[in-house]
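Hi,

Here is the structure I promised to pass on. Have a look at it first, and then read my notes below.

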Amino acid sequence: MFPRPIQTMSPAAQRTYKIVLPIMLILWLLPLLGVAMTSVRPSGDLAAGNYFGIPSRLAFENYADVFRNSPLAQYLWNSFRITIPVMFGAVALSCLTGFALAVYKFRLSLLVFFMFVAGNFVPFQILMVPVRDLTVDLGLYNTITGLALFHIAFQTGFCTLFMRNFIKALPRELIEAARVEGVTEWQIFWHIVLPLVRPAIAALSVLVFTFIWNDYFWAMVLTTGASTQPVTAGLNSLNGQWIAAWHLVSAGSILAALPPVLMFFMMQRHFIAGLTLGAVK
Amino acid sequence: MTALPHPAPPPATVPRARRSRRQLTPWLFLAPGLLMFSVYVIIPIFQSIWVSFHDWDGLGAMRWIGLANYSELWWDEAFYTSLKNNIIWLALYLLAVPAGLMIALFLNQTVRGIRIYKSLFFFPFVISQVVVGLIFSWFYAPGFGLFYALIEWVTGTGVALLADERYVTYGIIAAGLWPQIAYCMILYLTGLNAVAPDQIEAARLDGAKGWRMLWHVVLPQLRPATFIAVVVTVIGALRSFDLVSIMTSGGPFGSSRVLSYYMYEQALSEYGYRMGYGAAIAVVLFGIMMIFISGFIWKMWRDEKGA
């Protein structure tokens, strides 16, 4: 193990480590803690210049205010309506593409694979004008469907990379044995491979949920207005309205951050397994 | 050309129809994903390049103007500001890699509760950049913000970081580094988990420790993690849009623009719908990105062939 386990060092070093650890954490999360505290600070405190001290009381009404006086609930709801279909769509498509690229050897296999990988890295701006144009032509501009369709397509790139590598690592004998038995290709996919890739499906679902929930650029390009915009774009316009009303901005930010954070803590193992794919040989 | 990994030569008795069906199968599985990806990602790249040779407001007819958009870029002051900022982003963003490694080394212990510490250190990455931008806007806000107050306390006068042309880009990059360091940290923590203990012990017996151990024994084993950390950091730096848009909208006086934001501004905002000019900026950004993407793909291709 590197660095040397702290247990093998002097008691003084061990004690120092245990003290330094929480201090580092607090420093690391200082901006976030500040915002969390501001979100429960009564507006009276801000007016009185009490920005950093202990809040005079815990003003949870800031959160109620945010819901009452802004369309934040609608924005959050829109985010769910966009994110969840994209999660299913992108994962389903990539199970198919990943299976095709991992199991079959055909001439263009690597080329198609690297097309998915490369497409996944391009700057969004090179897609912006044509994708917006296409969405307008389809009559889907400023609809949840229009935004979700694009996300499904784009996320398929990353998800295919992931699925293909995951399926490639499965024992091939399973598939070959089934072929010898005369099982059809679709049945191999459905009954043999799909149950085995369940961990990959879980990892991809949490990752896609987080990526799409946090998307801001495409929401700005393909939607306008509170009836369709997700919470990221919504927060941007609320931020314009709530100039210096930091207790409201903070409360709104915390609410917008909550769903992916909960998702992360519930599915931590899968989340990290997905993100660190390839970090170990 | 068979579906099998160790292709036995197809016996001559296999009917021709069945063989061609075997060849068709992968394409049937690929079809829906490939179709979506082509329509929304691959084809638009070429369409954008096409649009960049036109004058177009997004509604009316497109007018071919050849390279006029690019020659306009050549003389465009704002373009160079954005390009310069992109380079600063790229250079400073890469600090996330060593910083992430340092935190990972710090946290790679087995004391009580360390798992929770690791998750909490990773926390900033899960939050959307919009929220990170708002958090740091508050952090820097004159009068209200913690950072502003700290600077004021240390130096006597506060600095309105996001309203100062000299510092604004650095202020935004610092906000971007926060989640990026978290990401690099988790990559290295996973990598450190897999470092071969016997090699470490052997090196320790040879008297290696500290920096020398890190450089000669540990880092070579962390190479896959470093590769991914560099890839995601470079891509992240060149994609930076959200933070600029949220924190400053490119201001003050356009001094914090980056190419991605400038493109958006030209194509879709009050500056008028100059789709052609915007597309030309996007093509330049794409060109810069392609240098890196080709490098990554080349390396992955080599690994794939070697495997």
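Let me start with a question: in which loop of chain B is the place of S249(B)? The answer is the loop between α12 and α13 of chain B. Bear in mind throughout that this is a predicted model.

I started there because that loop holds two backbone oddities. S249(B) is not a glycine, yet its phi is positive, at about 50°. P252(B) is found in the loop between α12 (242–247) and α13 (259–267) as well, and the peptide bond leading to it from G251(B) is cis, with omega near -5°. For context, most residues other than glycine have a negative phi, and most peptide bonds are trans. As for its surroundings, S249(B) has 16 other C-beta atoms within 10 Å, so it counts as partly exposed.

Chain A has a case of its own. N142(A), again not a glycine, has a positive phi of about 60°. You will find N142(A) in the loop between α7 (125–137) and α8 (144–168) of chain A. With 15 other C-beta atoms within 10 Å, N142(A) is partly exposed.

Now for the overall build of chain B. It has 14 helices and two strands. Its radius of gyration is 25 Å, well over the 19 Å that the globule rule gives for 307 residues, so the chain is more spread out than a compact globule. The C-alpha trace spans about 90 × 75 × 30 Å along its principal axes. The domain assignment splits chain B into domain 1 (16–51) and domain 2 (68–306), and the C-alpha centres of the two are 34 Å apart. Of the 307 residues, 43% count as buried.

Then the contact between the chains: 85 residues from chain B and 84 residues from chain A take part. On the chain B side, helix α1 (residues 16–51) gives the most, with 19 residues. That side of chain B divides into 67 nonpolar residues, 15 polar and three charged.

Finally, the annotation. An unreviewed UniProt entry places "transmembrane region" features on chain A, among them residues 148–167 and 244–265. In the model, residues 148–167 of chain A are 100% helix and 0% strand, with the end C-alpha atoms 26 Å apart. Residues 244–265 of chain A are 91% helix and 0% strand, and there the end C-alpha atoms lie 32 Å apart.

That's the lot from me.

Cheers

Terms used: Residues are numbered from 1 along each chain as its sequence is written. Chains are lettered from A and ligands numbered from 1 in the order in which they are written. This is a predicted model: local features need pLDDT of at least 70, side-chain atom pairs count only at pLDDT 80 or more; totals for chains, interfaces and linings use all residues. Two residues are in contact if their C-beta atoms, placed from the backbone, lie within 7 Å. Helices (H or I, at least four residues) and strands (E, at least two) are DSSP runs, numbered from the N terminus. Ala, Val, Leu, Ile, Met, Phe, Trp, Tyr, Cys and Pro count as nonpolar, Asp, Glu, Lys and Arg as charged, and the others, Gly among them, as polar. Domain bounds come from an automatic or database domain assignment. The radius of gyration is taken over C-alpha atoms; the globule rule is 2.2 Å times the number of residues to the power 0.38. A residue is buried if 20 or more other C-beta atoms lie within 10 Å of its own, exposed if 12 or fewer, and partly exposed in between; C-beta atoms are placed from the backbone. UniProt positions are given in the numbering used here, feature names are shortened, and annotations may be inferred rather than shown by experiment.
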